[in-house]
Amino acid sequence: MNRQVTKAVFPVAGLGTRFLPATKSIPKEIMTLVDRPLIQYAIDEARAAGITDFIFVTSRGKSALEDYFDHAPHLEDSLKSKGKDDLLEILRSTDMESGAIAYIRQKMAMGLGHAVWCARRLIGNEPFAVILPDDVIAAETPCLRQMVDAYQDTGANMVAAMEVPREKASAYGILDVARDMGDKVLVKGMVEKPSLEEAPSNLAVIGRYILTPKVLHNLDQNLRHKRFGAGGELQLTDAIAQEIDGQGVYGLRFNGQRFDCGSKAGFLQATVSFALARPELKAEFEEYLRDMFALPEAAE
């Protein structure tokens with residue numbers, strides 16, 4: 001099988017209700033960490049991994065997401081005329097080549113597996129990546145790049161994995177490990193959002209996947225036969241687990257820090273972390289944080 005991964009699916013059909021009222025008028029994926037929207041972090045990570053074809057699974061009300069990656073000639077002309085070359089370069093980094101992005105509508109909210117299934121005709125018979133923009137990962141080597149490199153060795157389905165506190169296992173898909181090889185683990189089972197007692201480990205799947213075309217076949221069969229998983233939805237985890245005794249499934253312990261930007265607390269944590277990582281912001285922002293945390297101590 002061809003092991004070159006050039007296609008990535010971005011499931012962005014969610015309503016972002018945890019961020020209302022902001023998401024009443026803008027897609028959650030356009031919300032910014034410092035000065036870049038969540039989707040830009042995901043796109044940049046995919047580009048760094050060699051992805052050339054970007055498939056967005058969207059829903060009604062996501063037109064701002066499509067416009068974000070479009071050419072903005074009036075804005076470019078304005079920046080050119082004012083000699084703002086640095087901003088012009090930043091703006092051009094958001095442009096996508098014509099034909100590089102495809103948009104597909106998910107008409108019903110039936111889970112992550114259903115969103116990936118919607119992209120099946122554009123994926124064809126090739127391995128592909130899935131990136132959840134809610135999971136933003138700060139890493140020296142981008143997470144998906146790490147996974148693509150590891151996939152060249154295994155040729156099997158691969159999920160990004162990280163240890164989580166056991167009491168939080170019910171919020172994730174959890175891996176049952178057959179063999180632990182350090183950075184990689186061979187998987188013998190996957191449980192979607194298990195109870196504390198049922199969790200086979202604390203190694204959780206987060207929003208990065210490299211999958212073989214067989215997973216699309218599994219999704220199609222599960223949908224046809226109404227084999228729905230947790231929450232009555234078509235679960236991607238279930239379709240991947242069906243390949244454990246077939247092409248195999250690995251988990252990769254990636255190097256990096258993951259932020260859950262689907263939650264308000266995680267979004268704020270990412271904002272602080274990414275702001276402190278910016279040289280032009282670090283000194284002023286650190287001073288503000290020190291002063292802010294000093295105030296309660298002074299009051300006491």
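Does Thr154 count as buried or exposed, and at what relative accessibility? Thr154 counts as buried, at 19% relative accessibility, because the cut-off for that class is under 20% relative accessible area. We will come back to this residue after a look at the whole chain. Please keep in mind that this is a predicted model.

**The chain as a whole**

The protein chain contains 11 helices and 13 strands. Its radius of gyration is 20 Å, close to the 19 Å that the globule rule gives for 300 residues, so the chain is as compact as a globular protein of that length. Along the principal axes, the C-alpha atoms fill a box of roughly 60 × 55 × 35 Å.

Of the 300 residues, 48% are buried. Among contacts with a separation of 6 or more, 76% are between residues 24 or more positions apart. On the outside, the accessible surface comes to about 15,300 Å², and 51% of it belongs to carbon and sulfur atoms. As for charge, there are 35 positive and 42 negative side chains, with the centres of the two sets 7 Å apart.

**Two nonpolar cores**

In soluble globular proteins, nonpolar side chains tend to be buried together. Here the largest nonpolar core has 41 residues, and Phe10, Ile39, Phe54, Phe56 and Leu144 have the most contacts inside it. Elements that give two or more residues to this core include the strands β1 (7-11), β4 (53-58) and β6 (128-131), along with the helices α1 (38-48) and α7 (143-154). The top contributor is α7, with six residues. Apart from this core lies another, of 34 residues, among them Ile104, Cys118, Val159 and Leu216.

**Helix α1 and Ile39**

Eight of the 11 residues of α1 are buried, so this helix is largely enclosed by the rest of the structure. The buried set is Leu38, Ile39, Gln40, Tyr41, Ala42, Ile43, Glu45 and Ala46. Leaving aside neighbours within four places in sequence, Ile39 is in contact with Phe10, Val12, Glu29, Ile30, Phe56, Leu65, Tyr68, Phe69 and Pro133. After α1 comes Gly50, which has a positive phi, near 95°.

**Three buried residues side by side**

Thr58 lies in strand β4, Thr154 in helix α7, and Leu33 in strand β2 (residues 32-33). Their relative accessible areas are set out here.

| Residue | Relative accessible area |
|---|---|
| Leu33 | 0% |
| Thr58 | 1% |
| Thr154 | 19% |

What surrounds each of them? The contacts that follow do not count residues up to four places away in sequence. Leu33 touches Leu38, Tyr41, Val136, Cys261, Phe267, Ala270, Thr271 and Phe274. Two of these partners, Leu38 and Tyr41, are among the buried residues of α1. The C-alpha atoms of Leu33 and Ala161, which are 128 residues apart along the chain, are separated by 23 Å.

Thr58 touches Val12, Ala13, Tyr103, Ile104, Arg105 and Gln106. One of these, Ile104, belongs to the core of 34 residues, while Val12 is also in contact with Ile39.

And so back to Thr154, which touches Arg3, Lys184 and Tyr250. Its helix, α7, is the one that gives the most residues to the largest nonpolar core.

Technical notes: Residues numbered from 1 in each chain as written. Predicted model: local features only at pLDDT ≥ 70, side-chain atom pairs only at ≥ 80, totals over all residues. Heavy atoms only, no water. Helix = DSSP H or I, 4+ residues; strand = E, 2+ residues; numbered from the N terminus. Rg over C-alpha atoms; globule rule 2.2 N^0.38 Å. Buried < 20%, exposed > 50% of the residue type's maximum accessible area, 1.4 Å probe, protein only. Contact = heavy atoms within 4.5 Å. Areas by Shrake-Rupley, 256 points an atom, 1.4 Å probe, with all protein chains shown as cover. Lys, Arg positive; Asp, Glu negative; His and termini not counted. Charge placed at Lys NZ, Arg CZ, Asp CG, Glu CD. Core = buried A, V, L, I, M, F, W, Y, C linked by side-chain atoms within 4.5 Å.
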